[in-house]
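Subject: The structure I promised

Hi,

Here is the structure we talked about, so you can open it and follow along. Have a look around first, then read my notes below.

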Amino acid sequence: MRFTLREVEAAARERLDPVHYDYFAGGAGDEVTLRANEAAFERLALLPHVLRGTAKPELGVTLLGGRASMPVLIAPTAFHRLADPEGERATARAAAAAETIMMVSMASTVAVGDVAAAAPGARLWFQLFIQPDMAFTEALVRRAEAAGCGALVVTADSPVFGTRGRDERNGFRDLPDGLCCENMRDGDRVREIAFSPAVSWEHLDRLREITSLPVVLKGVLHPADARAALDHGVSALFVSNHGGRQLDTAPAAVDALPEIVDAVGGAVPVLLDGGVRRGTDVLKALALGADAVAVGRPVVWGLAADGERGARRVLGLLRAEVEEALTLCGLASVRDLEPGMVRRPW
Ligand SMILES: Cc1cc2nc3c(=O)[nH]c(=O)nc-3n(C[C@H](O)[C@H](O)[C@H](O)COP(=O)(O)O)c2cc1C
Ligand SMILES: O=C(O)C(=O)c1ccccc1
């Protein structure tokens, strides 16, 4: 048995090709932000309440009209078939079993429609890098809609693809033969995903005109951008530094959270990812105003360690840890977390 996410990661590392392990694990530049995401959670202390006379705590949350059985979602990550032959199908089955939301990456190695078909009952959102070719962007949106996705997660932190030193040194550039970004099929070719600094708020406005799906804006760190996003009608904000893989030395996600929560003022839900590895991390983010968090690498480690079962194990460990931590904090529900329960000890 693997009893912590760290043990799952160690098992994954043993099973993965080292080049692929580095691709999943690595970050941009000096990996300052990658390390900061986890370190920032460790630096925060939780201040528990006692003698509250609570029952088994309620973990469920409702987001954009859909329910998740716990405030831990699956962040969009590329290339799951590098970790397991079933790839995103296995991840989606684990998400369905855990009754949580899976954000399917635009760079998935199983087409989003096939992911949905493989996991009846899975709640899927589709992650999108807006393509400068808006006609193709629209084609992607239609695929996500046809697959039954409940939201579009527009990733805004990738005007270029961040330089990851591990991949450069390992010469990792392309997927091996037989694997591709299945959502990028266009007739008889597979398109490259375009990362474009020309993408702007105007593209976001156009996207909102072509779909009635709610838009979640992912990769927001500046409070002024959070306010702009509200003006442009987004349905949720997603505080993220892309797991330290884009702008190195961007702040740790949980450190950027309070200012975004303040700027949003309760107008829309706020999500967060980056460095969540323990149930106590989930409580800290929720206490500081997030409505839910997401995990990226931990799910990939679960998949690589033991396929669908491994991904289920990761989600099960996090659920059990959240439940225990809430009980130890004297809380009956994730809704009862508030900023006064988080302290910076020095
Ligand atoms: C291997 C890998 C692939 C990723 N692929 C995508 C992607 O395709 N789209 C996206 O928006 N974010 C992508 N991300 C970023 C994640 O959605 C998320 O922001 C990040 O992994 C959260 O940090 P964590 O891994 O510490 O939980 C990727 C992250 C990793 C580690
Ligand atoms: O590796 C990533 O972080 C990522 O976001 C991505 C996006 C598209 C293709 C491959 C990876």
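Start with Tyr 23: a polar atom in its side chain lies 2.7 Å from an oxygen atom of ligand 2. Keep in mind that this is a predicted model. His 242 also has a side-chain N or O atom 2.7 Å from an oxygen atom of ligand 2, and for Arg 245 the distance from such a side-chain atom to an oxygen atom of the ligand is 2.8 Å. On its own, ligand 2 has 290 Å² of accessible area, and the protein covers 89% of that.

What kinds of residues make up the shell around ligand 2? Eight are nonpolar, one is polar and two are charged. Among the residues surrounding ligand 2 you'll find Phe 79, Phe 129, Phe 161 and Phe 195, along with Ala 78, Ala 107 and Ile 193.

Now for ligand 1. There are 22 residues around it, and the ones that come nearest are Pro 76, Ser 105, Thr 155, Asp 273 and Arg 277. Thr 155 puts a polar side-chain atom 2.7 Å from an oxygen atom of ligand 1, and Asp 273 does so at 2.7 Å as well. Arg 297 joins in too, with a side-chain N or O atom 2.9 Å from an oxygen atom of ligand 1. The protein covers 98% of the 590 Å² of accessible area that ligand 1 has on its own. Its shell has seven nonpolar, 10 polar and five charged residues.

And where do they sit? Ligand 1 is in the largest pocket, and ligand 2 sits in the largest pocket too.

Cheers

Methods:
Residues numbered from 1 in each chain as written. Chains lettered and ligands numbered in written order. Predicted model: local features only at pLDDT ≥ 70, side-chain atom pairs only at ≥ 80, totals over all residues. Heavy atoms only, no water. Near = heavy atom within 4 Å. Polar contact = N/O pair within 3.5 Å; in protein donor to acceptor, adjacent residues only side chain to side chain. Areas by Shrake-Rupley, 256 points an atom, 1.4 Å probe, with all protein chains shown as cover. 1 Å grid on protein atoms, 1.4 Å probe; cavity = no way out; pocket = protein on both sides within 12 Å on 5 of 7 lines; lining within 4 Å. Sits in = over half its atoms within 2 Å of the grid points. Nonpolar A, V, L, I, M, F, W, Y, C, P; charged D, E, K, R; others polar.
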